[in-house]
Amino acid sequence: MLDTRELGRRPGSQREVSRSVPAPADLGIEVLAVPEGAQVDLDLRLEAVMEGVLVTGTATAGLEGECARCLDPITDQIEVTFQELFVYDDHGPPEEDDEVSMLEDDLLDLEPLLRDAVVLALPFQPLCGDDCPGLCTECGARLADDPDHTHEAAIDPRWAGLTALTTEAPPED
Ligand SMILES: [Zn+2]
Ligand SMILES: [Zn+2]
C-alpha cells in the first residue's frame, strides 16, 4: 500500500518514490517466482491527473525456480515495468468494472499490478540455459553431464566378452 496524500490532487503534480518491499506470496508462476518475503525494489513515479493518480514504475527482484527440462535450481533477476491509473474513489463505490484500479482513502494497492507484470514477464518454461539438453527419457540421467550416453546397445561388445569369461570361469576349488 502506498499513501498518495503527499502528492496532493493538483493535476500535474508528481512525486518519485523508491522503496523496497517484501515480496507477497505467489509472485510468479509455479516453476519460477520471487520467493515470498524476498526484497522487491520499486522505483515509482506518481502523477496526479484529473481522474486519479497515474503510477509508472519499475520493479526488480530475484527469482528462484527450477529448469523445466532438467529440474536444476535456477536463480535469476527480473525487471518489469508497469503503468496504471488509479481512479479516486470519491464518487461512491466503483461500478462493476474489474478493469479499473481504485484508490481507497488515498492509498493505492500495487500488489495486483506487480503480480500481473511479473507473471507476464516470466517464461512459460524456464530453462537453466537455452541449450539445456534435459533428462534422458529412459533413465532420467542429466544429459548435460553425460551427453553421449545411450540405451541402444545394452552391453558394449568388448565388455560382453569379459562377461562371458567371468561367467564361464570354472570354480576356484
Ligand atoms: Zn536445465
Ligand atoms: Zn539414460
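A donor, in the sense used here, is an N, O or S atom within 2.8 Å of the metal. With that in hand, we can look at this predicted model and begin with one of its metal sites.

## Two zinc sites

The donors of the zinc ion (ligand 2) are spaced along the chain as C-x2-C-x9-H-x1-H. Written out by residue, they are Cys-136 (SG), Cys-139 (SG), His-149 (NE2) and His-151 (NE2), at 2.0 to 2.2 Å from the ion. Cys-136 and His-151 each lie in the loop between H1 and helix H2 (157–168), so this pair ties together parts that are 15 residues apart in sequence. What is the arrangement of the 4 donor atoms around the zinc ion (ligand 2)? The arrangement is tetrahedral, because the angles that these atoms subtend run from 103 to 116°, and four donors count as tetrahedral if all angles lie between 85 and 135 degrees.

The zinc ion (ligand 1) is held by sulfur atoms of cysteines: Cys-67 (SG), Cys-70 (SG), Cys-128 (SG) and Cys-132 (SG) coordinate this ion at 2.3 Å. Their spacing in sequence reads C-x2-C-x57-C-x3-C. This site is tetrahedral too, with angles of 105 to 113° among its 4 donor atoms.

Here are the two sites side by side.

| Zinc ion | Donor residues | Distance | Angles |
|---|---|---|---|
| Ligand 1 | Cys-67, Cys-70, Cys-128, Cys-132 | 2.3 Å | 105 to 113° |
| Ligand 2 | Cys-136, Cys-139, His-149, His-151 | 2.0 to 2.2 Å | 103 to 116° |

Are the donor residues buried or exposed to the surroundings? Take Cys-67 first: with a relative accessible area of 1%, Cys-67 is buried. Cys-70 is buried as well, at 6%. At the site of ligand 2, Cys-136 counts as buried, at 11% relative accessibility, while His-151 counts as partly exposed, at 37%.

## The chain as a whole

Let's step back. The protein chain has 2 helices and 9 strands. Reading from the N terminus, the order of elements is β-β-β-β-β-β-β-β-β-α-α. Of the 173 residues in the chain, 27% are buried. Contacts can also bring together residues that are distant in sequence: among contacts between residues at least 6 apart, 57% join residues at least 24 apart.

## One side of helix H1

Helix H1 covers residues 111–121, and its residues Leu-113, Leu-114, Ala-117 and Val-118 are buried. These buried residues cover an arc of only 125° around the axis, which puts them on the same side of H1. A general point helps here: an α-helix has 3.6 residues a turn, so residues three or four places apart point the same way. On the other side of H1, Asp-116 and Leu-120 are exposed. What covers the buried residues of H1? The cover includes strand S3 (27–29), S5, strand S6 (52–66) and strand S7 (73–87).

## Some residues to find

Thr-4 sits in the loop between strand S1 (2–3) and strand S2 (14–22). Thr-4 counts as buried, because its relative accessibility is 3% and the cut-off for buried is under 20%. Apart from neighbours within four places in sequence, Thr-4 is in contact with Val-53, Leu-103, Asp-106 and Leu-108.

Glu-47 belongs to strand S5 and also counts as buried, at 18% relative accessibility. Its contacts beyond four places in sequence include Leu-7, Ser-13 and Gln-14, as well as Gly-52, Val-53 and Leu-54.

Ala-38 lies in the loop between strand S4 (32–34) and strand S5 (39–48), and is partly exposed, with a relative accessible area of 24%. Not counting residues up to four places away in sequence, Ala-38 touches Val-21, Pro-22 and Ala-23. From Ala-38 to Pro-24 the C-alpha distance is 8.5 Å, although they are 14 residues apart in sequence.

Two residues have a positive phi without being glycine. Asp-26 has a phi of about 60°; this residue is in the loop between S2 and S3 and is exposed, at 64%. Leu-71 has a phi of about 70°, lies in the loop between S6 and S7 and is partly exposed, at 48%.

Finally, look at a charge and a ring: Arg-9 lies over the face of Tyr-88, at 3.8 Å from the ring centre.

Note on methods. Residues are numbered from 1 along each chain as its sequence is written. Chains are lettered from A and ligands numbered from 1 in the order in which they are written. This is a predicted model: local features need pLDDT of at least 70, side-chain atom pairs count only at pLDDT 80 or more; totals for chains, interfaces and linings use all residues. Side-chain values use heavy atoms; hydrogens and water are left out. Helices (H or I, at least four residues) and strands (E, at least two) are DSSP runs, numbered from the N terminus. Buried means under 20% relative accessible area, exposed over 50%, partly exposed in between (1.4 Å probe, protein chains only). Contact means heavy atoms within 4.5 Å. Donors are N, O and S atoms within 2.8 Å of the metal (3.2 Å for Na, K and Ca); water is not among the atoms, so sites may look incomplete. Four donors count as tetrahedral if all angles lie between 85 and 135 degrees; four count as square planar and six as octahedral if opposite donors are over 155 degrees apart and all others between 65 and 115; anything else is irregular. A charge sits over a ring if NZ of Lys or CZ of Arg is within 6 Å of the ring centre and within 35 degrees of the ring normal. The arc is that of the directions from the helix axis to the C-beta atoms.
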